[in-house]
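Please look over the structure below before reading the briefing, which moves from a sheet and its helix to a helix pair, a loop residue and an annotated span.

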Amino acid sequence: MTISHLGKYWLIVLIACLFMTLFISYEAHKFAGSNMSELPDNPLYRNSETPVNQRVADLMSYMTLEEKIGQMALVEKNSLKEVGDIQTYGLGGALSGFGGRPDDNTPSGWKQMVETFVLESRSSRLGIPILYGVDAIHGHSNVPGSTIFPHFIGLGASGDATLVKKVAQATGDELLATGVRWSYSPTYDMPEDIRWGRVYETFSDDPQLVSSLGSAYIRGLQENQTKSSTTISVLATPKHYIGVGGMLWNSSSNENFRIDQGSTPVDEKKLREHYLPPFQKAVEVGAASVMVGLNSWGDTKIASSTYLVQTVLKEELGFKGFVVSDWYGVYEIPGDNYTAAITAINAGVDMVMLPFEYKEFVRDIKQAVSKGDISEARIDDAVQRILTAKFQLGLFETSITPDISEVGSSAHRVLARDAVAKSLVLLKNNNGLLPIKEDVRTIQVAGSAADNIGRQAGAWTVEWQGIDGNWLPGATSILAGIRESAGEGSVIQFDADANFSLGSPKADLGIAVVGESPYAEGLGDNPNPFLSEEDIVVINRLKETSLKVVVVLVTGRPLIITDDIKNWDAAVVAWLPGSEGAGVADVLFGKKPFTGKLPLPWPSTLRQLPIVGGITNDRSAPLFPRYFGLQY
Ligand code: BGC
C-alpha cells in the first residue's frame, strides 16, 4: 500500500467520521425534539403584546424534549419528592388532591404555597409557570374559611343559569385570591343510579340542563373580567368525558367500589345523543381543558380510546384546549406503566394526572419518543395545547394580585345563602304547613344534620371524605338559621335525638333535619340508599312531642323514602347546602319562595334502578319525576 493509498484511506475515514458526527448530532437534535438554539435575552414569547399562537411557537422552538415532556406531567403536591424538582423536571402542573394542603391551612397559607410553586417554576431555564389545580366543586372548598356553595345537585335543582354563573364567578374570585388558576369543575356526569357515590357532584341526569348550567359555570369561571384582564381568568375543566353516570351497578374496575369507575354499557348512538351534547356545548363556550373519566365504554378505558379522545373530542367537536387524565387513570389502562402511558398519550391525553411518579413518567416518555412509540408531533401537539392555556391565563405575566379577603367574603356568603334557598325542593306540604306561619310559637328541632355543618357541606370540604361534625370557620348551621329566622316570640328547642319532654303540651311544629353523612367517590357507593334507622327513630320521636312534623333531607342523592314520607306532614330536600345553612330557614319561614325542582327522578324502590332518560328499569312510576317540586 503506497502513501497516497494511505492518504486516500484516511480521507475516506475522515469523511465517514464527518457524516457520522453529523448523523449523531442530527439524531440527538431529533431526540431533544427541538432546536437547541440559545435563548435570546428578550425572546418573543415573553412579550405579552405578541399573539398567543406566536408566543407558543416561539417558546416551543427553544424547548428540549425533556422540557416538553415535563409540561405534560401533573403531579399531586405531596408527591413532589424534592424541592427543586418542579424546576429540574419543568413540571407542567401540580394539584391538591383532597388533603393536599399547606401546613398553614389558611387562605394565606394557600396563597403562600401556590406562590412558592410558581416562583420555583419561573426560575427554570425557560421560566414556564406551573399551573396549579384544585377541585373547586362547591367553592374553593379545600380551604377552611372559604364560602361553601351547595353541591352541584343543589344548583341543578335551582335550574338557574344566571345564579350558577355568579356562583362560578365567586368561586373564581376565591381561587384567584390564593393564586389558584385551575379548577377541576364543573361536573358533566349524568347519574342514572342513585346508589352511585357521586350523584351530588352532578347537576342533573338531563343533558339539556347539564349543558345550560355547565356552560354558565364555565363562563363564570373563565370570563371573570372584574378580577383579571386575561383571556381566561380561571381555567374550567368539564369532567368527566364521557359516559360517566351511566355505569352499571357492580361493574366497577376498582375492587373497593361497586359502580364508580365502572363500565358504561351504551351503544354509540346513545353515547353521541345523550352524553356528547353537553361537551359539545362546553367546547363552544370555550372550555380550555377537559378531564377524561376513570370509567370504561364497554371494556375500553376512556383514556385509552383514540376514537373518543382524538377523533370525537378533538377532531369532530373541534376541541382546541388540552385533555387531562383523571387521578392515576392512565395507569389503570391495561398493561405495564410504559404501555399504559403511551396508549393514553397516543389516544390524545395531553396532560397526565400521574399523580405520583413523575421521574418514571419523563423517563418512559423520552424512551417512547426515541423508539418511535410516540411521535414528536403528538408531543408537540400536547405541549402546544397546554402552553396556549397558560398564555391565555396570563401566567407568564404577573397579571393578578391575590387578595385573600375574598375568601369567605360576606358578599359570597350572601350569594351562597341565596343559592341554598333556590336549591330547596318541596316534596310534600299537607294543608299548606309551609311556609311556617306566624302563629307557630314553639318549634322543636331535631336530627343528625340540624347542627352539623360538616354534614350539610358534604364531602370535598377541607377533607376528601368531608367532616362529619360541626367545624367549618365562618359557616352557619341549619339550626342557627332557624333560630335567626323564627320570630321574636318563638321558642326554639333543640335536641339532635329528639329527646323532648313527653309530659308538656306538644310543640306547634317539629323540624327534623336528617340525612346522609359525608362520602366521596366510590366510597359512597351504597347498595342501601335509605334513611338510617337512627334518623327514622328521631323523626318518630319528634312526632310524639310535636303537633306537625316537617322533614328536611340533607342528602347527596334521592333516598328511598316511599313508606316513610307517608308519615310526614311536609318534606323538603335541602341537598348538601354548604356553609350557609340559613338559606334553608329563609324558605321554611317564607322569606323566600320554594322554586327548586328535582334535577333527577326520585325512585320509589331499588327495582326501578337504573332510571335511564326518566324511564325506570321496571317501567313503574318513580315516587317523583324529574322536575317535580311544589311551589307556594
Ligand atoms: C376524581 C376527579 C378529581 C381528581 C383530583 C379524582 O379521584 O375522580 O374528579 O378531579 O380526583 O382530585
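Which helix lies across E5, E7 and E10, and at about what angle does it run to E5? In this model, which is predicted, helix H10, made up of residues 306-316, lies across these strands and runs at about 110 degrees to E5. The points below describe the sheet, then the contact of H7 with H8, then leucine 39, and finally a span annotated in UniProt.

**The sheet**

- Strands E5, E7 and E10 form, in that order, an open sheet of 3 strands in which the pairing is parallel.
- The edge strands, each of which pairs on one side only, are strand E5 (239-241) and strand E10 (322-324).
- Averaged over the sheet and with direction ignored, neighbouring strands are turned by 50 degrees against each other.
- Strand E7, covering residues 289-292, runs parallel to E10 and is joined to that strand by 3 bridges, and valine 290 stands opposite valine 323 in E10.

**The contact of H7 with H8**

- Two packed helices are described by the angle between their axes and the distance between the axes.
- For helix H7 (residues 161-177) and helix H8 (residues 207-222), the axes come within 7 Å of each other and cross at roughly 35 degrees, and the crossing in which H7 passes H8 is right-handed.
- On the H7 side the contact is made by Ala161, Val164, Lys165, Ala168, Gln169, Thr171, Gly172 and Leu175, which meet Ser212, Leu213, Ala216, Tyr217, Arg219, Gly220 and Leu221 in H8.
- By residue class, this contact of H7 with H8 divides into 8 nonpolar, 5 polar and 2 charged residues.

**Leucine 39**

- Leucine 39 is found in the loop that lies between helix H1 (3-32) and helix H2 (52-62).
- Because its relative accessible area is 27%, leucine 39 counts as partly exposed, a class that falls between buried, under 20%, and exposed, over 50%.
- When residues up to four places away in sequence are not counted, leucine 39 touches Tyr45, Tyr62, Arg125 and Leu126.
- Leucine 39 and glycine 596 are separated by 557 residues in sequence, and their C-alpha atoms are 58 Å apart in space.

**The annotated span**

- According to an unreviewed UniProt entry, residues 424-632 carry the annotation "domain: Glycoside hydrolase family 3 C-terminal".
- In the model, the end C-alpha atoms of residues 424-632 lie 13 Å apart, and the span is 16% helix and 15% strand.

Technical notes
Residues numbered from 1 in each chain as written. Predicted model: local features only at pLDDT ≥ 70, side-chain atom pairs only at ≥ 80, totals over all residues. Heavy atoms only, no water. Pairing = 2+ DSSP bridges. Helix = DSSP H or I, 4+ residues; strand = E, 2+ residues; numbered from the N terminus. Axes fitted to C-alpha atoms, helices over the stretch in contact; angles between N-to-C directions. Contact = heavy atoms within 4.5 Å. Left-handed = near helix turned anticlockwise from the far one by under 90°. Nonpolar A, V, L, I, M, F, W, Y, C, P; charged D, E, K, R; others polar. Buried < 20%, exposed > 50% of the residue type's maximum accessible area, 1.4 Å probe, protein only. UniProt positions renumbered as here; feature names shortened; annotations may be inferred.
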